[in-house]
Amino acid sequence: MKTQIPTPDAHQDMREALRDLCGRFDSAYWQKVDTERGYPEAFVDALTEAGWLAAMIPTEYGGSGLGLTEASVVMEEINFSGGNAGSCHGQMYNMGTLLRHGSPAQKQQYLPGIASGKLRLQTMAVTQPTTGTDTTQLKTTAVRKGDRYVVNGQKVWISRIQHSDLMNMVNHETNEVFFDNLEIPAENLVGQEGQGFRYILDGLNAERTLIAAECIGDAYWFVDRARRYASDRVVFNRPIGQNQGVAFPIADSYIETEAANLMRFKACALFDASQPCGGEANMAKYLAAKASWEAANVCLQTHGGFGFAHEYDVERKFRETRLYQVAPISTNLIYSYVAEHLLGLPRSF
Ligand SMILES: Cc1cc2nc3c(=O)[nH]c(=O)nc-3n(C[C@H](O)[C@H](O)[C@H](O)COP(=O)(O)OP(=O)(O)OC[C@H]3O[C@@H](n4cnc5c(N)ncnc54)[C@H](O)[C@@H]3O)c2cc1C
């Protein structure tokens, strides 16, 4: 039997459809985007037209009404194909704030456009230069003046803003953003004034779990590339994978990836059942980002000097997956969350 990575599961039909689509965007496509520091416009358009980015939007607004589990499979398959879902994942989950806290009129006004891709809601601007991880100290303000909110402040590292039509408060083109008396109609307020940060926190479990799934896709890609190269590359008259020093780290990466995948699906299942999933979403992001980073290291090492050759994609994917140790939440902050919220230890900051 031919070994399949990842192991076939209940989402096989969906995976096949995504593999067909992603297969149209080959390694040369992603290398060009990377070299030009460009945006994968054609890929994002194709994904949008096929409806995948509207997976979590209810059918009454033109989406597919699927759960986080299915949405996470979309992200995983993009990264497993050798692509980078970081270019468009915001379109999938940023609308959650509007869906959960927006008025019926706001949902009717924006969600169908977001579902069709006519409107891109790809950006979430939280990080500020002087406050960093300490998001309780945000300095940007929105002050009501008559029928408008006037926004002042500064944001940094803001992804995909040049590929968004709508902007909410929180791209890998990233941007520094300055708000200087930006006026927003008061009717655009989502939910209640003063609750915005809490609404954003509500959406973070979905973001963390979807990014965990991207890391799982990356990790399987690295394991698959490493085992194929280790089988084909012959040095000292034998495939390098016959050496345990080469094979064992690949096996180790596979084990770590499979384990992280269990936590990812646990977080998805809890989220889809509307159960609390903060711990599982954070742990899934931690385990998956660690598994993908370790698999990246092993894959590069297995390829020897060729790991650094642009046309093998290994060094590109290596750079891409490293990001997830830092953003959207750094490893230390996950340790802090687990220590405080799951283990009852005193808060350290
Ligand atoms: C490519 C990219 C895309 C991004 N996209 C977005 C986006 O779309 N929207 C957005 O809002 N932000 C975005 N970010 C920002 C990202 O979320 C932050 O960089 C990240 O949260 C860390 O904040 P910081 O860079 O200010 O680091 P700092 O807060 O300065 O922290 C630096 C280091 O110190 C550690 N540290 C700080 N305080 C503590 C503590 N109390 N205990 C232990 N360790 C601590 C951190 O874990 C980190 O390792 C992006 C960043 C990058 C690089």
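Here are some exercises on the structure above, each with a worked solution.

This is a predicted model, in which local features need pLDDT of at least 70 and side-chain atom pairs count only at pLDDT 80 or more, while totals for chains, interfaces and linings use all residues. Residues are numbered from 1 along each chain as its sequence is written, and side-chain values use heavy atoms, with hydrogens and water left out.

**Exercise 1. The ligand shell**

Work out which residues come nearest to the ligand, and which polar atoms sit beside its nitrogen and oxygen atoms.

Step 1. Start with the shell, where a residue is near the ligand if one of its heavy atoms lies within 4 Å of it. There are 19 residues around the ligand, and Met124, Thr127, Thr133, Ser159 and Ser330 come nearest.

Step 2. Now look for polar contacts, meaning pairs of N or O atoms within 3.5 Å; within protein, one atom must be able to donate a hydrogen and the other to accept it, and residues adjacent in sequence count only if both atoms are side-chain atoms. Met124 uses a backbone N or O atom, 2.7 Å from a ligand nitrogen. Thr133 brings a polar side-chain atom to 2.4 Å from a ligand oxygen. Asn332 has a side-chain N or O atom 3.0 Å from a nitrogen of the ligand.

Step 3. Check how much of the ligand is covered, with accessible areas from the Shrake-Rupley method and a 1.4 Å probe (for residues, only the protein chains shown count as cover). On its own the ligand exposes 970 Å², and the protein buries 63% of that.

Step 4. Ask which elements contribute, taking helices (H or I, at least four residues) and strands (E, at least two) as DSSP runs numbered from the N terminus. Strand 2 (148-159) and helix 12 (331-342) are the elements that give two or more residues to the shell. Strand 2 gives the most, with three residues.

Step 5. Finish with the chemistry: Ala, Val, Leu, Ile, Met, Phe, Trp, Tyr, Cys and Pro count as nonpolar, Asp, Glu, Lys and Arg as charged, and the others, Gly among them, as polar. That splits the shell into 11 nonpolar, eight polar and no charged residues.

**Exercise 2. Strand 2 and its partners**

Find out which strands pair with strand 2, and over how many bridges.

Step 1. Two strands pair if DSSP finds at least two bridges between them. Strand 1 (residues 141-145) runs antiparallel to strand 2, joined by five bridges. Strand 3 (residues 174-185) is also antiparallel to strand 2, over nine bridges.

Step 2. Pick out some facing residues. Between strands 1 and 2, Val143 is opposite Val150, and Thr141 is opposite Asn152. Over on strand 3, Asn175 faces Ile158 of strand 2.

Step 3. Look at the turn. The hairpin of strands 1 and 2 has two residues between the strands, and Gly146 there has a positive phi near 65°.

Step 4. Glycine isn't needed for that: Trp157, in strand 2, also has a positive phi, near 65°. With buried meaning under 20% relative accessible area, exposed over 50% and partly exposed in between (1.4 Å probe, protein chains only), Trp157 is exposed because its relative accessibility is 61%.

**Exercise 3. Thr140 in its loop**

Is Thr140 buried or exposed, and which side chain does its own side chain contact?

Step 1. Place the residue: Thr140 is in the loop between helix 7 (104-116) and strand 1. Its relative accessible area is 16%, so Thr140 is buried.

Step 2. Trace the side chain of Thr140. A polar contact links it to the side chain of Gln128 at 2.7 Å, and it also reaches the backbone nitrogen of Gln154 at 3.4 Å.

Step 3. Compare sequence and space: Thr140 and Asn152 are 12 residues apart along the chain, with their C-alpha atoms separated by 5.7 Å.

**Exercise 4. Cysteines and cis peptides**

Count the disulfides, then locate the cis peptide bonds before Pro6 and Pro328.

Step 1. Taking a disulfide as a pair of cysteine sulfur atoms within 2.5 Å, the count is zero. For Cys215, the nearest cysteine sulfur is that of Cys268, 13 Å away. Cys215 is buried because its relative accessibility is 0%.

Step 2. Ile5 and Pro6 are joined by a cis peptide bond with omega about -5°, in the segment before helix 1 (12-23) where Pro6 sits.

Step 3. Ala327 to Pro328 is cis as well, with omega near 0°. Pro328 is in the loop between helix 11 (314-322) and helix 12.
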